[in-house]
Amino acid sequence: MSGKGAPELSVRNVSDLRVAVIAAQWHEKVMDGLVDGALRALRDLGIDEPTLLRVPGSWELPVAAKALAGRYDAIVALGVVIRGGTPHFEYVCQGVTQGLTQVSVETGVPVGFGVLTCDDEEQALDRAGLEGSHEDKGHEAVTAAVATAATLRSVSEPWH
Ligand code: RBF
């Protein structure tokens, strides 16, 4: 899947939204880039006091997202899963993807999907928002989650 075609989102009046970022810890350098990109996006949006929670691996992201969902307007899940020689990659990717989808749909809280699933570390670094990276997926995941939270808030207001 290519990152080409991503929208330029214009997100305004969101500084009062409560946002939590949950980040796995495997593949430290890539994760540092994703977390930095996410925090930079939150600053750009005027969201000054986000919660940042660390979990061991991407597999743990859904349970942490579920635990926080009742207290936040948007959650952003960050992780990196790199293909190895065993079927483990497919299981972890499928578990985290389905788990985060389930949390989001069941709780009604948007969960930004910032989990990279890559063939190798080089591919992951290219998406991590580091110097020389072509994409900044932590930043994108925050912007998408906050934009969605703002849209959901607008349709829940009484004049709709
Ligand atoms: N977690 C990640 O976030 N990224 C990985 O690339 C990753 N690779 C794993 C490979 C194997 C063989 C195993 C057993 C676990 C891996 N995990 C990875 C950890 C996983 O998300 C979880 O933290 C652990 O399985 C403990 O529940």
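About 260 Å³ of space lies in the second largest pocket. The model that holds this pocket is predicted. Start here, then work outwards.

Which residues sit nearest the centre of the second largest pocket? They are Trp-26, Val-81, Ile-82, His-88 and Val-92, and the full lining has 13 residues. Strand S3 and helix H3 each supply at least two residues of this lining. By class, seven of the lining residues are nonpolar and six are polar. Charged residues are absent from this lining.

Now follow S3 into the sheet. Strands of a sheet pair through backbone hydrogen bonds, either parallel or antiparallel. In this model, four strands form an open sheet, and the pairing is parallel. Read across the sheet, the order is S2-S1-S3-S4. Which strands form the edges? Strand S2, residues 51-54, is one edge strand, and strand S4, residues 111-118, is the other. Each of these pairs on one side only. From one strand to the next, the twist averages 15°.

Look next at the pair S1 and S3. Strand S1 covers residues 19-23, and strand S3 covers residues 74-82. The two run parallel, and five bridges join them. Take Ala-23 as an example: its bridge partner in S3 is Leu-78.

Helices lie across these strands. Helix H3, residues 88-107, lies across S3 and S4. H3 runs at about 170° to S4. Helix H5, residues 137-156, lies across S1, S3 and S4. The angle between H5 and S3 is about 150°.

One more pocket remains to be visited. Rolling a probe the size of a water molecule over the atoms shows where empty space is left. The largest pocket has a volume of about 820 Å³. Its lining has 28 residues. Gly-3, Phe-113, Glu-135, Lys-137 and Glu-140 lie nearest the centre of this pocket.

Which element gives the largest share of this lining? Strand S4 does, with seven residues. So S4 has two roles in this tour, as an edge strand of the sheet and as a supplier of pocket lining. Helix H1, residues 28-44, and helix H5 also each supply at least two residues of the lining of the largest pocket.

What classes of residue line the largest pocket? There are 13 nonpolar, eight polar and seven charged residues. Set that beside the second largest pocket, whose lining has no charged residues.

Note on methods:
Residues are numbered from 1 along each chain as its sequence is written. This is a predicted model: local features need pLDDT of at least 70, side-chain atom pairs count only at pLDDT 80 or more; totals for chains, interfaces and linings use all residues. Side-chain values use heavy atoms; hydrogens and water are left out. Two strands pair if DSSP finds at least two bridges between them. Axes are lines fitted to C-alpha atoms, for helices over the stretch in contact, and angles run from 0 to 180 degrees between N-to-C directions. Contact means heavy atoms within 4.5 Å. On a 1 Å grid over the protein atoms alone, a cavity is a set of points where a 1.4 Å probe fits but cannot get out, and a pocket is an open set with protein on both sides within 12 Å along at least five of seven lines; lining residues have an atom within 4 Å of a point. Grid points are joined across faces, edges and corners, and a volume is the space filled by probe spheres set on the points. Ala, Val, Leu, Ile, Met, Phe, Trp, Tyr, Cys and Pro count as nonpolar, Asp, Glu, Lys and Arg as charged, and the others, Gly among them, as polar.
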